[in-house]
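User: I am new to this structure and would like a close look at one part of it, chain B. Please describe how that chain is built and how it meets its partner.

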Amino acid sequence: MKRFFVIVIWIGVALLGAGAFGKIAFDRGEPLNATWFVVAAVCCYLVAYRLYSAFVAAKVLALDDTRATPSERYDDGRDFVPTNKWVLFGHHFAAIAGPGPLVGPTLAAQFGYLPGTLWLIAGAALAGCVQDFVILFCSIRRDGKSIGQMAREEVSERGGFIAQLAVLAIMIILLAVVALVVVNALKSSPWGTFTLAMTIPIALLLGLYLRFVRPGRVLEASAMGVALVLFAVVAGQWVADSPAWAKVFTLSGAGLSVAIVVYGFAASALPVWLLLAPRDYLSAFIKAGAILSLAAGILFVRPQVLMPPLTRFVDGTGPVFAGKIFPFCFIIIACGAISGFHSLISSGTTPKMILRESQARLIGYGAMLLESFVGVMAMVAACSMTPGVYFAINSPSAIVGASPEAAASTISGWGFPLQAQTMVDAARSVGEQTLWNRAGGAPSLAVGMAQIFSSTIGGPRLLSIWYHFAIMFEALFILTVLDAGTRVGRFMVQELAGKVWKPLGRTGWMPGILFSSALIVAAWGYFLYQGVLDPLGGVDLLWPIFGIANQLLAAVALVVATTILLKMGRLKWIWVTLVPTAWLIAATMTASFQKVFSSNPAIGLLSNAAGLSAKMAGGLIPAVKIAETHRLIFNRRFDAAVTAILAIMILVLIVEALVQWHLILSRRREPVLHESPYIATRWAAEFSGTAHGDD
Amino acid sequence: MRHTATVLSRSLRRFWHGLREWCGDAAYESYLRSKLTRSGSCRTLTPAEFYVEQLNRRYSRPNRCC
């Protein structure tokens, strides 16, 4: 009888989700309520977790709770720490959730809410969660080895090297693009710049407290830090209102990018306890608080989604970024649906802390579902603002026009009515000088979040405070990704440079630290600076390249996972990883090809460079702009080369894997798995031995 | 009433314990409880030494994603 009721409940959940999806997909009447998005997403996640992840756990991976995990075998209290599954879920989620699921969906909203929402939910359930789950499982079975090490052992030596290079390349592009998002959010914003600048002395104070006063007392230090940061958000208004101080904190894009580069270098070279770690603590608490508040705010306010399901820009002529839904919607959404970068976390800290194999389902699959939900919330926040305002904030002036009147007229001409005065009022209400041309997703997301928050607490009076709270939240954890990434990039550079000259590989040698820090900062700083100088705002140039790099890394992770499944003899279930792999390869290779070779200069980097060259040759470029145009031509050719090299590297790895698969399937090579030997857990009696302990 | 209070206090204690573990506040206690430390095969670090050593480890590999 109980089983019957359980089945009825699950059928009810599935029908409710299908109904909500139907409403989102087919309703063309009044603006939709955001509740439909939440219901559709949550029902879909519940069904995917209950059925699909259980199937993957039981049939495909055959999780075995009688096998001791690395945390039990090596329990050293440092790397290998047996950790409660909910605590580890929190750790894992905090590690994988970055700016991607917030910025990507916000940018993809230019197609309308439908394509992005469908990909966020379906992509996560069928691809992103599967990747995280399977890689976590593979790493647990290999003593917590990294994706690079697994690629080397299971695919080929060359495959491992390519994976390592791909990780470094994606890291550089990622750091540049997230830094650009911060620059675009903070330029000409004394309030936002002051608030973010204040997080540095606050972090230093916390660092000294945690190191010398109360070592390791993270909670009390973070409580003090969060209080100080919130005070800095309020104090920012006083700074913005003071002409003298406002001048100090009003920085141009170029000025901000130099400041961020200097900060990145300092965070990489200084002791980690002084700046990087305390900022990370602050960021973790504020990120958790802001995401929970956004979820609660959406449920409480239930905003209307004003963006249409599909806009005219599905034809590839979008002002936020150019390109059609396929492949660019899947590239731009990035981490909210599937992220190659997650495979680094799933094969990093998490497998060393997990108590038993069955928990990989909750942590690997479940945490990615939650990240996808963050993406859906970002989509709702972006689509709940007036579409005209959304396009005014996110479109570069080179496309919509330099003056407010011209821009308002262009945007109205697209079918999204907008008055120039509306933008003046909007900027004033959030305490900014202007909201025009703030490409990057962060300001429009902050406006959407501020509208939701102020409808919950404070009303329009607190709109400016909420806007700057949202900007601070985005910028704070973007900078945390930036400084942590720069430091890890430094270690990667040292590892590679150490092969050329041994002392450079020593992580404690100061000249080596300074050299490698400068090298990694210069690499992402170059991309950042070209983005800042780009007449289209840079985000439309760099975010697609970042998306391509990230999705290519996901393809690498899934190729490794497929190879391992094949070696495990799971040919029958190989489609679980093979189908997402094929989809990702199709999307990323098409996007790479279009970014490099498309004859449309808005998409193709080479044709864009050729167009600029032709203009130069025809004398159509004013003399004062010739040097800038030379730089633009070089940058586009350079970016085309980077995109092509990334795609070729991944193709080489795929070919290596295909050769492996062919040899195994034709029985010309014995499949050799590099799993750690089976050791029975001492906790077997405590555990039930079932692979479904998390149900 | 007493039962509700007991359940509530147990839940709060669990939440507090989980929060301390999640943010790293209880990391030194976990270290002291670990098999390797209890075996006495290597010198036990002080809280300050452990804190710095743990941070250096954590931030030398990807631990924050995009």
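Analyst: In this predicted model, chain B has a radius of gyration of 17 Å, whereas a compact globule of 66 residues would have one near 11 Å. Measured out along the principal axes, the box that the C-alpha atoms of chain B fill is roughly 50 × 40 × 20 Å. Of the 66 residues in chain B, 32% are buried, a residue being counted as buried if 20 or more other C-beta atoms lie within 10 Å of its own.

The chain contains 4 helices and 0 strands, and from the N terminus on its elements therefore read simply as α-α-α-α.

Turning to the partner, the contact between the two chains takes 32 residues from chain B and 47 residues from chain A. On the side of chain B that touches chain A, at least two residues each are supplied by α1 (2-23), α2 (27-33), α3 (35-39) and α4 (47-58) of chain B. The largest share of that side, 8 residues, comes from α4(B). By residue type, the side of chain B that touches chain A divides into 15 nonpolar, 9 polar and 8 charged residues.

For a view of the partner chain itself, helix α5 of chain A, residues 100-108, is largely enclosed by the rest of the structure, because 9 of its 9 residues are buried. Among these buried residues of α5(A) are Gly100(A), Pro101(A), Leu102(A) and Val103(A), as well as Pro105(A) and Leu107(A).

Notes. Residues are numbered from 1 along each chain as its sequence is written. Chains are lettered from A and ligands numbered from 1 in the order in which they are written. This is a predicted model: local features need pLDDT of at least 70, side-chain atom pairs count only at pLDDT 80 or more; totals for chains, interfaces and linings use all residues. Two residues are in contact if their C-beta atoms, placed from the backbone, lie within 7 Å. Ala, Val, Leu, Ile, Met, Phe, Trp, Tyr, Cys and Pro count as nonpolar, Asp, Glu, Lys and Arg as charged, and the others, Gly among them, as polar. A residue is buried if 20 or more other C-beta atoms lie within 10 Å of its own, exposed if 12 or fewer, and partly exposed in between; C-beta atoms are placed from the backbone. The radius of gyration is taken over C-alpha atoms; the globule rule is 2.2 Å times the number of residues to the power 0.38.
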